[in-house]
Amino acid sequence: MRWVRAGRVAVLAVALCSGGLPAVGYAATPWSAGSVPGVSGPKGTTIVLRTSAARPQRHAVAQRTVRERQRGIREARQRRSRQGAVAVRSGSRRGAVAPLAQRDPAQRFRLEPTRRIAAASAASHAPSTSALVRRSGVSEAASAAMANWVAGDASAADRLEADPAEPLPLHSSAVLVVDRDTNAVLLGKNDSVVLPIASLTKLMTGLLIVDAGLPLDEVLTITDDDVDRLKGSGSRLAVGTRLTRAEALHLALMSSENRAAHALGRTYPGGLPAFVAAMNRKAAELGMTQTRFVEPTGLSSDNRSSARDLARLVAAASERALLRELSTSPEYELHAGRRVVQFRNSNRLVRESGWNILLQKTGYIREAGRCVVMQVRLAGRDLIMVLMDAANSTARWTDAERLLRWLDATLVSSDGAHQPRLSL
């Protein structure tokens with residue numbers, strides 16, 4: 001309890017810290033003896049009690065005002081929504097929604113992943129989906145629902161996810177599984193649609209470096225040219241870091257290190273332009289007719305391919321023992337001067353699962369979603385898996401695990417005699 005005097009006026013502040021009682025404020029006015037029983041103050045003042053009961057009233061008024069304002073906003077939004085729906089049904093230009101094929105290409109890949117694949121299909125006029133081929137086959141209802149979903153029918157997408165005839169619901173927009181030994185297509189979903197491929201690009205980067213026969217013990221220096229100014233991504237390879245070409249290749253494949261991948265392309269004979277040209281020539285040699293590269297890291301969304309083309313790239317890369325070894329390495333310590341920098345594999349299944357993964361590469365940029373390509377060995381058979389455009393990392397690894405378990409339980413026991421073949 002404390003008194004503060006100002007002339008003939010005194011103010012008493014009382015803080016009640018126990019008993020759950022409200023804080024009380026006291027204002028002092030000229031003395032009137034005995035006006036407040038049991039409470040005495042300085043001579044010449046009268047203590048008048050003023051409780052905090054008015055404060056909840058002020059809060060209640062403020063809360064009612066906020067609620068009314070929020071209700072008004074909701075009602076305005078509902079009115080605009082109803083007006084837009086009426087305008088669309090009536091065909092007026094004001095409320096009409098442009099078809100996916102007529103939208104600005106720069107805007108198409110800002111759509112959510114379930115619509116992004118439809119945008120790519122409409123823009124390229126390519127078949128939107130291939131049949132899901134498996135030992136038990138797929139119902140016509142599931143196939144029709146998939147076709148309607150790609151065309152933009154959201155209710156069809158819901159029906160597909162709930163269809164009991166569909167045993168393997170996957171989040172990824174494009175999926176392909178190929179038996180490497182027989183080239184049989186075991187499962188395909190939107191596998192001909194061209195999409196951004198993000199850091200899956202680095203698999204082509206590694207393939208070119210190995211095939212070029214450049215000295216792997218040559219020391220490269222990370223320069224300012226290797227810094228990502230397109231996406232602004234970070235790196236633990238500081239400018240000035242010195243590492244061998246083999247180490248740069250290791251980090252690019254295992255940890256998806258962008259500066260390492262860019263340094264590999266920059267130091268290629270003829271520089272970066274010659275390297276990009278070589279990437280596209282190699283793609284043509286492999287029959288990757290739907291693929292285009294513009295840089296070696298995958299940071300550009302102009303690096304594009306289809307699941308079928310990527311399966312061809314995986315098949316070629318898996319024939320190089322060094323690429324298999326470096327891409328599936330769980331971790332690596334880089335000795336950069338006095339520092340030791342720890343890197344680990346960007347593929348969670350390599351680090352934490354018991355699957356026999358022979359080669360892998362992950363990828364992510366916003367336009368491409370979460371991607372992964374792998375060659376795995378199941379029951380003595382080598383299978384190539386391509387997953388593209390999952391909404392998040394959890395969806396990507398859930399898809400991969402679900403697909404591996406399903407393949408292990410069902411497809412690997414089939415001889416694939418009646419399944420289509422993919423030329424690899």
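Helices, in the sense used here, are DSSP runs of at least four residues, numbered from the N terminus, and in this predicted model the helix called H7 is followed by serine 256, whose phi is positive, near 55 degrees. With that naming in hand, the whole chain can be surveyed: the protein chain has 13 helices and 15 strands, and of its 424 residues, 45% are buried. Among the contacts with a separation of 6 or more, 62% are made by residues 24 or more positions apart along the chain.

A good place to begin is the sheet. Strands of a sheet pair through backbone hydrogen bonds, either parallel or antiparallel. Here five strands form an open sheet, in the order E6-E5-E15-E14-E13, and their pairing is antiparallel. Strand E6 (185–189) and strand E13 (357–365) stand at the edges, each with a single partner strand, so one side of each is left without a neighbour in the sheet. From one strand to the next, the twist averages 5 degrees.

Following the sheet from the E13 edge inwards, we find eight bridges that join E13 to E14, the two strands running antiparallel, and within this pair lysine 361 stands opposite valine 373 in E14. Strand E14 (residues 369–378) pairs in turn with E15 over eight bridges, again in the antiparallel sense, and leucine 378 has arginine 381 as its bridge partner in E15. These two strands form a hairpin with two residues between them, and in the turn alanine 379 has a positive phi of about 50 degrees.

On its other side, E15 is joined by six bridges to strand E5 (residues 174–179), which runs antiparallel to it; here alanine 174 has methionine 388 as its bridge partner in E15. How many of the ten residues of strand E15 are buried? Ten of the ten are, so that the strand, which spans residues 381–390, is mostly covered; buried here means under 20% relative accessible area. Helix H13 (residues 393–409) lies across E5, E6, E13, E14 and E15, and its direction makes an angle of about 150 degrees with that of E15.

Methionine 388 also leads from the sheet into the interior. The largest nonpolar core has 57 residues, and those with the most contacts inside it are Leu203, Met204, Leu237, Leu251, Leu310, Val386 and Met388. Helix H10 (residues 307–317) contributes the largest share of this core, eight residues. Apart from this core lies another, of 23 residues, among them Val177, Met374, Trp397 and Ala400. When neighbours within four places in sequence are left aside, methionine 388 is in contact with twelve residues that can be listed by name: Ser172, Ser173, Ala174, Leu195, Pro196, Ile197, Ser305, Ser306, Ala307, Leu310, Arg370 and Cys371.

Two helices, H6 (residues 201–212) and H9 (residues 271–285), show how helices can meet in this model, for their axes come within 10 Å and cross at roughly 95 degrees. Angles of 65 to 115 degrees count as roughly perpendicular, and therefore H6 is described as roughly perpendicular to H9. In their contact, Thr201, Met204, Thr205, Leu207, Leu208, Ile209 and Asp211 of H6 meet Phe275, Ala278, Met279, Lys282 and Ala283 of H9. Sorted by class, this contact has eight nonpolar, two polar and two charged residues.

We can now return to H7 (residues 245–254), a mostly covered helix in which nine of the ten residues are buried. Those buried residues include Arg245, Glu247, Leu251 and Met254. Histidine 250 lies in this helix as well. Why does histidine 250 count as buried? Its relative accessibility is 8%, and the limit for buried is under 20%. Leaving aside neighbours within four places in sequence, histidine 250 is in contact with Ser255, Leu326, Ser329 and Tyr332.

Alanine 321 offers another case, since it lies in helix H11 (residues 321–327). It is partly exposed, because its relative accessible area of 47% falls between the limits of 20% and 50%. The C-alpha atom of alanine 321 is separated by 9.6 Å from that of leucine 358, although the two residues are 37 residues apart along the chain.

Key:
Residues are numbered from 1 along each chain as its sequence is written. This is a predicted model: local features need pLDDT of at least 70, side-chain atom pairs count only at pLDDT 80 or more; totals for chains, interfaces and linings use all residues. Side-chain values use heavy atoms; hydrogens and water are left out. Buried means under 20% relative accessible area, exposed over 50%, partly exposed in between (1.4 Å probe, protein chains only). Two strands pair if DSSP finds at least two bridges between them. A nonpolar core is a set of buried Ala, Val, Leu, Ile, Met, Phe, Trp, Tyr and Cys residues joined through side-chain atoms within 4.5 Å. Contact means heavy atoms within 4.5 Å. Axes are lines fitted to C-alpha atoms, for helices over the stretch in contact, and angles run from 0 to 180 degrees between N-to-C directions. Angles under 35 degrees count as roughly parallel, over 145 as roughly antiparallel, 65 to 115 as roughly perpendicular and the rest as oblique. Ala, Val, Leu, Ile, Met, Phe, Trp, Tyr, Cys and Pro count as nonpolar, Asp, Glu, Lys and Arg as charged, and the others, Gly among them, as polar.
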